[in-house]
Amino acid sequence: MVLKKEKKTEVLEKYKRHPGDTGSSEVQIALLTERINTLVDHLKRNKKDQHSRHGLLLMVGQRKRLLKYLQQNDAKKFEAVTTSLDLA
């Protein structure tokens with residue numbers, strides 16, 4: 001499931017560290033969370049879509065690794081992102 005351009009720019013504006021930032025951990029975690037939420041809704045409607053379920057599990061694993069990295073390197077930003085995204 002691909003995010004709409006408007007939603008993606010909204011997330012980028014909220015979580016970027018500096019102008020033009022698209023790759024920081026916070027931005028990646030926020031974008032993955034949006035994609036995961038979209039995919040969860042899709043899977044609630046389409047229970048037999050195993051290929052999308054597999055992609056969902058890969059995204060959840062990637063987000064988990066990014067969160068672990070952020071927690072180890074910057075605990076304050078980790079807390080801010082997890083509370084902002086309601087992940088904990």
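## Report on a four-helix chain

Apart from neighbours within four places in sequence, Thr22 is in contact with Leu12 and Val27. The model discussed here is a predicted one, and Thr22 is placed by it in the loop between α1 (5-15) and α2 (25-45). With a relative accessibility of 54%, Thr22 counts as exposed, because the threshold for that class is over 50%. Between the C-alpha atoms of Thr22 and Arg45, which are 23 residues apart along the chain, the separation is 31 Å.

### Overall architecture

The secondary structure of the chain consists of four helices and zero strands, and from the N terminus on the order of elements is α-α-α-α. Along its principal axes, the C-alpha trace of the chain spans about 40 × 30 × 20 Å. The chain has 88 residues, of which 34% count as buried. Among the contacts with a separation of 6 or more, 51% are accounted for by residues 24 or more positions apart.

### The nonpolar core

The largest nonpolar core has 21 residues, and those with the most contacts inside it are Tyr15, Ile29, Leu31 and Leu85. The elements that give two or more residues to this core are α1, α2, α3 and α4, and the largest share, eight residues, comes from α2. For Ile29, one of the residues with the most contacts inside the core, the partners beyond four places in sequence are Arg63, Leu66, Leu67, Leu70, Val81, Leu85 and Leu87.

### Packing of α3 against α4

Helix α3 (residues 50-73) and helix α4 (residues 75-85) pack at an angle of about 135 degrees, and their axes are 6 Å apart. The two helices, α3 and α4, are therefore oblique to each other, since an angle counts as roughly antiparallel only when it is over 145 degrees and as roughly perpendicular when it falls between 65 and 115. On the α3 side the contact is made by Leu67, Leu70, Gln71 and Asn73, and on the α4 side by Ala75, Lys77, Phe78, Val81 and Thr82. By character, the residues of the contact of α3 with α4 divide into five nonpolar, three polar and one charged.

### Salt bridges

Side chains of opposite charge can pair when their charged atoms come close. A search of the whole structure finds six salt bridges, including the three listed here.

| Salt bridge | Closest N to O distance |
|---|---|
| Glu13 and Lys16 | 3.3 Å |
| Arg17 and Glu26 | 3.0 Å |
| Lys77 and Glu26 | 3.9 Å |

In the pair of Glu13 with Lys16, Glu13 is exposed, with a relative accessible area of 54%, whereas Lys16 is partly exposed, at 29%.

What is the setting of Glu26: buried or exposed? Glu26 counts as buried, because its relative accessibility is 5% and the limit for that class is under 20%. Its place is in helix α2, and, not counting residues up to four places away in sequence, Glu26 touches Tyr15, Arg17, Leu70, Lys77 and Val81. Two of these contacts, those with Arg17 and Lys77, are also salt bridges. Arg17 is partly exposed, with a relative accessible area of 47%, and Lys77 is likewise partly exposed, with a value of 30%.

Which parts of the chain does the salt bridge of Lys77 with Glu26 tie together? Lys77 lies in helix α4 and Glu26 in helix α2, so the pair ties together parts that are 51 residues apart in sequence. Lys77 also belongs to the contact of α3 with α4. Beyond the individual pairs, Arg17, Glu26, Asp74 and Lys77 are linked in a network of salt bridges.

### The segment after α4

Asp86 is placed in the segment after α4. At a relative accessibility of 69%, Asp86 counts as exposed. Most residues other than glycine have a negative phi. For Asp86, however, phi is near 60 degrees, a positive value in a residue other than glycine.

Key. Residues numbered from 1 in each chain as written. Predicted model: local features only at pLDDT ≥ 70, side-chain atom pairs only at ≥ 80, totals over all residues. Heavy atoms only, no water. Buried < 20%, exposed > 50% of the residue type's maximum accessible area, 1.4 Å probe, protein only. Contact = heavy atoms within 4.5 Å. Axes fitted to C-alpha atoms, helices over the stretch in contact; angles between N-to-C directions. Parallel < 35°, antiparallel > 145°, perpendicular 65-115°, else oblique. Nonpolar A, V, L, I, M, F, W, Y, C, P; charged D, E, K, R; others polar. Salt bridge = Lys/Arg side-chain N within 4 Å of Asp/Glu carboxyl O. Core = buried A, V, L, I, M, F, W, Y, C linked by side-chain atoms within 4.5 Å.
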